[in-house]
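Colleague: I should like to learn how to read the features of a structure, one at a time. May we go through this one together?

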Amino acid sequence: MDRELSKFYTPSDEKDIQQPFANTLGIRHICFAVEDIEAIVAKLKKKGTEIFSEIEQYEESYKLCYVRGPEGIILELAEEIK
């Protein structure tokens, strides 16, 4: 089952939400569901990955962290709290 884990309402993009053209290369953001987010983030830090947010808890449902992946893509890591 596919599902959207996050939807941003604020802050808005400086020029509002810009819809890319169909032929725009690449992606801006992708989210991965993970287990043991703390261990994964620690391993990524050791490898020199750019971590640009601390692990944050969203309500009682997810722990989230953002890192910079290949080609500058924002990778969101999400661990469901059970």
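Modeller: Let us begin with burial. A residue is buried under 20% relative accessible area, exposed over 50%, and partly exposed in between, with a 1.4 Å probe and protein chains only. By that rule I55 counts as partly exposed, because its relative accessibility is 30%. The structure is a predicted model, in which local features need pLDDT of at least 70 and side-chain atom pairs count only at pLDDT 80 or more, whereas totals for chains, interfaces and linings use all residues. Residues are numbered from 1 along each chain as its sequence is written, and side-chain values use heavy atoms, with hydrogens and water left out.

Colleague: How many helices and strands are in the chain?

Modeller: Helices (H or I, at least four residues) and strands (E, at least two) are DSSP runs, numbered from the N terminus. Here the chain has one helix and five strands, and their order along the sequence is β-α-β-β-β-β. Of its 82 residues, 21% are buried.

Colleague: Where is I55 placed, and which residues does I55 touch?

Modeller: Contact means heavy atoms within 4.5 Å. I55 sits in the loop between β2 and β3 (56-58). Not counting residues up to four places away in sequence, I55 touches I37, E38, V41, K63, L64 and C65. From I55 to V41 the C-alpha distance is 8.4 Å, with their positions 14 residues apart in sequence. For the chain as a whole, consider contacts with a separation of 6 or more: 42% of them are between residues 24 or more positions apart.

Colleague: Which residues make up the largest nonpolar core?

Modeller: A nonpolar core is a set of buried Ala, Val, Leu, Ile, Met, Phe, Trp, Tyr and Cys residues joined through side-chain atoms within 4.5 Å. The largest one here has eight residues: V34, I37, V41, C65, V67, I73, L75 and L77. At least two residues of this core come from each of α1 (37-46), β4 (62-68) and β5. One of the core residues, L75, touches I30, F32, C65, Y66, V67, G69 and P70, again leaving aside residues up to four places away in sequence.

Colleague: G69 is on that list. Is G69 buried or exposed?

Modeller: G69 counts as buried, because its relative accessibility is 17%. Its place is the loop between β4 and β5. G69 and I30 are 39 residues apart in sequence, and their C-alpha atoms are 9.7 Å apart in space.

Colleague: Which residues form a nonpolar patch on the surface?

Modeller: Patches are made of residues with over 30% relative accessible area and no salt bridge; like charges are joined within 9 Å, and nonpolar side chains (Val, Leu, Ile, Met, Phe, Trp, Tyr) within 5 Å. Accessible areas come from the Shrake-Rupley method with a 1.4 Å probe, and for residues only the protein chains shown count as cover. I27, I30 and F32 form such a patch, with about 250 Å² of accessible area together. Within the patch, I30 lies in strand β1 (residues 29-33) and is partly exposed at 31%. The chain exposes about 7,200 Å², of which carbon and sulfur atoms supply 53%.

Colleague: How many salt bridges does the count come to?

Modeller: A salt bridge is a side-chain nitrogen of Lys or Arg within 4 Å of a carboxyl oxygen of Asp or Glu. The count is two salt bridges. K63 pairs with E38, their closest N and O atoms being 2.9 Å apart. K63 lies in strand β4 and E38 in helix α1, so this pair ties together parts 25 residues apart in sequence. E50 pairs with R68 at 3.8 Å between the closest N and O atoms. This pair links distant parts of the chain, as E50 is in strand β2 (residues 50-51) and R68 in strand β4, 18 residues apart.

Colleague: With which side chain does the side chain of E76 make a polar contact?

Modeller: A polar contact is a pair of N or O atoms within 3.5 Å; within protein, one must be able to donate a hydrogen and the other to accept it, and residues adjacent in sequence count only if both atoms are side-chain atoms. The partner of E76 is the side chain of H29, at 2.8 Å. E76 is in strand β5 (residues 74-80) and is buried at 0%, whereas H29 is in strand β1 and is partly exposed at 35%.
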